[in-house]
2 protein chains.
Amino acid sequence: MDDIESNHQSKQTRQAPCVLFAGAFGNRLRARVTQAFNVIGPFAPPIAGHLDPAEAPKIRALVTAGNMETDAAMMDLFPNLDLICCLGSGYERLDIQAAMARGIMVTHCPEVNAGAVADHALALLLAVNRKIISADKFVREGEWHRGRMPPVRGLEGRRAGIYGFGAIGEKIAARCAAFDMQIAYYSRSAKPVPYDFHGSLQSLAGWADILMVAVRADAGNRHSVDKEIMQALGPEGILVNISRGSVVDETALIALLQSRQLGAAGLDVFEHEPSVPDALKALGQVVMTPHVGGGTLQAIEAMQDLIVANIAAFFAGHPVLTPVPEMKPLSAGF
Amino acid sequence: MDDIESNHQSKQTRQAPCVLFAGAFGNRLRARVTQAFNVIGPFAPPIAGHLDPAEAPKIRALVTAGNMETDAAMMDLFPNLDLICCLGSGYERLDIQAAMARGIMVTHCPEVNAGAVADHALALLLAVNRKIISADKFVREGEWHRGRMPPVRGLEGRRAGIYGFGAIGEKIAARCAAFDMQIAYYSRSAKPVPYDFHGSLQSLAGWADILMVAVRADAGNRHSVDKEIMQALGPEGILVNISRGSVVDETALIALLQSRQLGAAGLDVFEHEPSVPDALKALGQVVMTPHVGGGTLQAIEAMQDLIVANIAAFFAGHPVLTPVPEMKPLSAGF
């Protein structure tokens with residue numbers, strides 16, 4: 001009985017499409033994909049130097065992440081590549097035009113980790129606003145015996161401007177509303193939500209004293225949070241970025257914080273991760289985390305489940321669940 | 001004209017009731033009370049040793065805080081004391097029976113800082129859950145170049161049990177709901193709210209994995225959060241206390257954290273403030289702040305305004321705005 005099953009499985013496995021993992025992505029995802037497909041990788045770059053050339057044509061799907069390079073040259077290594085699945089919502093380092101030219105379907109995991117990212121945005125905002133790091137130090141080092149910490153201006157009534165109003169921006173707004181803040185947003189178009197829409201980022205920053213950067217990063221919005229935008233927040237202003245480091249001009253941010261023209265910042269993302277400028281690290285009014293916003297266990301498991309569901313749907317001949325927006329006109333025809 | 005005004009003011013001041021400040025309480029409050037009353041104090045304890053005996057009978061009102069000792073002996077120093085106004089919501093070190101026996105009206109500032117305290121509860125919870133302090137250190141010390149932080153289980157779907165469901169507890173619930181948590185509460189009686197009521201703290205702790213302590217501290221609930229209650233939260237459990245240190249058995253808390261039977265804690269209050277046990281300070285899974293929860297500038301200003309309004313109402317012969325609950329049967333007759 002064991003032999004029959006094992007024989008049956010190995011036969012099934014031989015016939016199953018081959019899925020290349022660009023990263024390790026954890027045992028749970030690998031185990032789940034392995035139930036129905038052959039999984040290979042990850043290989044240290046350059047992949048071509050590590051992959052058996054006989055294997056390349058067998059690869060039908062690639063599991064990768066938005067911050068890993070997936071360019072035309074890499075796609076060309078695999079003549080039968082039909083599907084690329086990105087863990088996470090972003091796919092900024094994937095050459096979407098090259099994929100489209102090759103007819104490769106691309107999926108991502110939109111919204112799945114939006115709640116986790118929004119939670120982290122508030123964690124950063126509250127940590128900055130309540131000076132959690134220096135308060136903890138104050139208690140641990142016994143400063144409390146020598147006096148009290150000066151009071152802070154809390155969040156109540158403060159103006160939170162939300163830049164980008166996709167799933168993450170909307171969830172940030174819902175959380176800010178629970179803290180009795182005023183809320184407005186800037187995005188490409190007004191949405192049917194009970195918050196004020198601003199037609200430009202400049203207008204939003206002029207109104208806001210807290211700017212929550214939640215826009216999807218692309219070539220068009222690089223450094224869109226520039227010196228003028230941040231200056232408009234003012235000396236009590238707070239910048240929170242849980243999007244991508246590229247959206248904020250980090251050099252200008254540092255200069256404004258150093259000269260106290262901007263009050264404080266909470267940053268989960270940086271321009272040259274994992275490198276963070278020493279000048280930023282030297283500032284006490286900044287709370288920094290290592291790009292962990294969307295990476296809760298719940299979000300990771302939900303993203304893994306979506307990867308599995310997309311691969312299964314694709315190779316069963318069904319429409320994928322979550323194509324990237326550029327693929328939507330195509331996906332109807334798949 | 002100046003002389004006439006100044007003469008008029010000094011005459012008014014001579015006749016105005018005298019208000020003793022037990023603490024400094026800031027220039028803004030003092031300036032506002034001084035507009036209509038004579039203000040004296042604060043005096044270093046013992047007050048009797050510093051106060052001119054001729055002044056004592058002039059004192060009609062005392063402005064104090066809930067964590068400052070106001071006992072029968074102190075009240076007896078002032079034969080004409082009619083009103084005690086406590087800054088803040090709590091009045092745990094005021095002898096309410098002695099005040100009632102003397103017919104002294106006592107006011108406090110309920111709910112005014114509830115939003116600020118609830119904000120801080122979430123600031124602590126998020127800082128603990130997202131490991132903000134170690135994450136910031138991870139970035140600053142360049143650990144990110146050597147790998148990633150392990151993922152955490154986020155707040156989504158977690159069970160927040162709220163102990164005490166007054167103004168603060170209800171505002172904590174509203175904030176937790178925005179983070180997609182499950183919410184239940186224990187208080188003396190069920191409220192018309194969309195959260196599950198538990199009839200005992202033991203029941204709530206058995207259900208919850210996060211316990212938010214928001215109960216008003218009194219002699220009856222000292223150490224009510226004991227070893228068994230905290231053990232019930234489990235090794236991934238989180239305790240957040242923004243109420244008073246007396247409610248939690250601090251020794252048991254330390255032992256459970258040390259033995260990893262309780263996951264983590266966020267503490268704004270301690271049993272012997274400003275002293276915090278070294279054993280607690282040694283724990284990395286604790287975030288500590290120096291009793292600053294309700295002390296935002298917005299809350300402080302709102303409390304000061306309420307103190308001024310209560311004094312003015314009382315001496316104008318009107319009912320005070322916010323008597324402590326024990327005085328409510330009396331206040332109708334004032």
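Helices, of at least four residues, and strands, of at least two, are DSSP runs numbered from the N terminus. The exercises below use these element names for a predicted model.

**Exercise 1. Locate Phe25(A) and describe its phi angle.**

Solution.
- Step 1: Phe25(A) falls in the loop between strand E1 (18-21) and helix H2 (27-34) of chain A.
- Step 2: The phi angle of Phe25(A) is near 60 degrees, which is a positive value in a residue other than glycine.

**Exercise 2. Determine which peptide bond precedes Pro46 in chain A and in chain B, and state where Pro46 lies in each.**

Solution.
- Step 1: In chain A, the bond from Pro45(A) to Pro46(A) is cis, and its omega is near -5 degrees.
- Step 2: Pro46(A) belongs to the loop between strand E2 (38-40) and strand E3 (59-65) of chain A.
- Step 3: In chain B, Pro45(B) and Pro46(B) are joined by a cis peptide bond with omega about 0 degrees.
- Step 4: Pro46(B) is placed in the loop between strand E2 (38-40) and strand E3 (59-65) of chain B.

**Exercise 3. Describe the five-stranded sheet of chain B, its edges and the helix H12(B) that lies across its strands.**

Solution.
- Step 1: The sheet is open, its pairing is parallel, and the strand order is E2-E1-E3-E4-E5 (chain B).
- Step 2: E2 and strand E5 (105-107) of chain B each have a single partner strand, so one side of each is left without a neighbour in the sheet.
- Step 3: From one strand to the next, the twist averages 20 degrees.
- Step 4: Within this sheet, E3(B) pairs with strand E4 (residues 83-87) of chain B in the parallel sense over five bridges. Thr64(B) stands opposite Cys86(B) in E4(B).
- Step 5: H12(B) lies across strand E1 (18-21), E3, E4 and E5 of chain B, and runs at about 170 degrees to E4(B).

**Exercise 4. Give the strand order of the seven-stranded sheet of chain B, and place helices H7 and H10 of chain B on its strands.**

Solution.
- Step 1: The order in this open sheet is E8-E7-E6-E9-E10-E11-E12 (chain B), and the pairing is parallel.
- Step 2: The edges are strand E8 (196-198) and strand E12 (286-288) of chain B; each has a single partner strand, so one side of each is left without a neighbour in the sheet.
- Step 3: With direction ignored, neighbouring strands of this sheet are turned by 15 degrees against each other on average.
- Step 4: Strand E6 (residues 159-163) and strand E9 (residues 210-213) of chain B pair in the parallel sense over four bridges. Ala160(B) has Ile210(B) in E9(B) as its bridge partner.
- Step 5: Helix H7 (residues 167-178) of chain B lies across E6, strand E7 (182-186) and E9 of chain B, and its direction is at about 170 degrees to E6(B).
- Step 6: Helix H10 (residues 250-258) of chain B packs on the sheet and touches strand E10 (238-241), strand E11 (264-267) and E12 of chain B, with about 145 degrees between its direction and that of E11(B).

**Exercise 5. Characterise the interface of chain B and chain A by its contacts, buried area and polar pairs.**

Solution.
- Step 1: In contact are 57 residues of chain B and 56 residues of chain A.
- Step 2: The two chains bury about 4,900 Å² between them, with 60% of it on carbon and sulfur atoms. Arg130(B), Arg140(B) and Trp144(B) supply 16% of the area that chain B buries against chain A, more than any other three residues.
- Step 3: Two salt bridges are found across the interface. Arg175(A) forms a salt bridge with Asp180(B), with the closest N and O atoms 3.4 Å apart.
- Step 4: There are 26 residue pairs in polar contact across the interface, both residues at pLDDT 80 or more.
- Step 5: On the side of chain B that touches chain A, the elements giving two or more residues include helix H5 (114-129), helix H6 (132-140) and H7 of chain B. The largest share, eight residues, comes from H5(B).
- Step 6: The residues of this side of chain B divide into 32 nonpolar, 11 polar and 14 charged.

**Exercise 6. Identify the surroundings of His223(B).**

Solution.
- Step 1: His223(B) is in the loop between E9 and helix H9 (227-233) of chain B.
- Step 2: Leaving out residues up to four places away in sequence, His223(B) touches Ser246(B), Val247(B), Val248(B), Asp249(B) and Glu271(B).
- Step 3: With Glu271(B), His223(B) makes a side-chain polar contact of 2.9 Å.

Key: Residues are numbered from 1 along each chain as its sequence is written. Chains are lettered from A and ligands numbered from 1 in the order in which they are written. This is a predicted model: local features need pLDDT of at least 70, side-chain atom pairs count only at pLDDT 80 or more; totals for chains, interfaces and linings use all residues. Side-chain values use heavy atoms; hydrogens and water are left out. Two strands pair if DSSP finds at least two bridges between them. Axes are lines fitted to C-alpha atoms, for helices over the stretch in contact, and angles run from 0 to 180 degrees between N-to-C directions. Contact means heavy atoms within 4.5 Å. Buried area is the accessible area (1.4 Å probe) that two parts lose on being put together, summed over both. A salt bridge is a side-chain nitrogen of Lys or Arg within 4 Å of a carboxyl oxygen of Asp or Glu. A polar contact is a pair of N or O atoms within 3.5 Å; within protein, one must be able to donate a hydrogen and the other to accept it, and residues adjacent in sequence count only if both atoms are side-chain atoms. Ala, Val, Leu, Ile, Met, Phe, Trp, Tyr, Cys and Pro count as nonpolar, Asp, Glu, Lys and Arg as charged, and the others, Gly among them, as polar.
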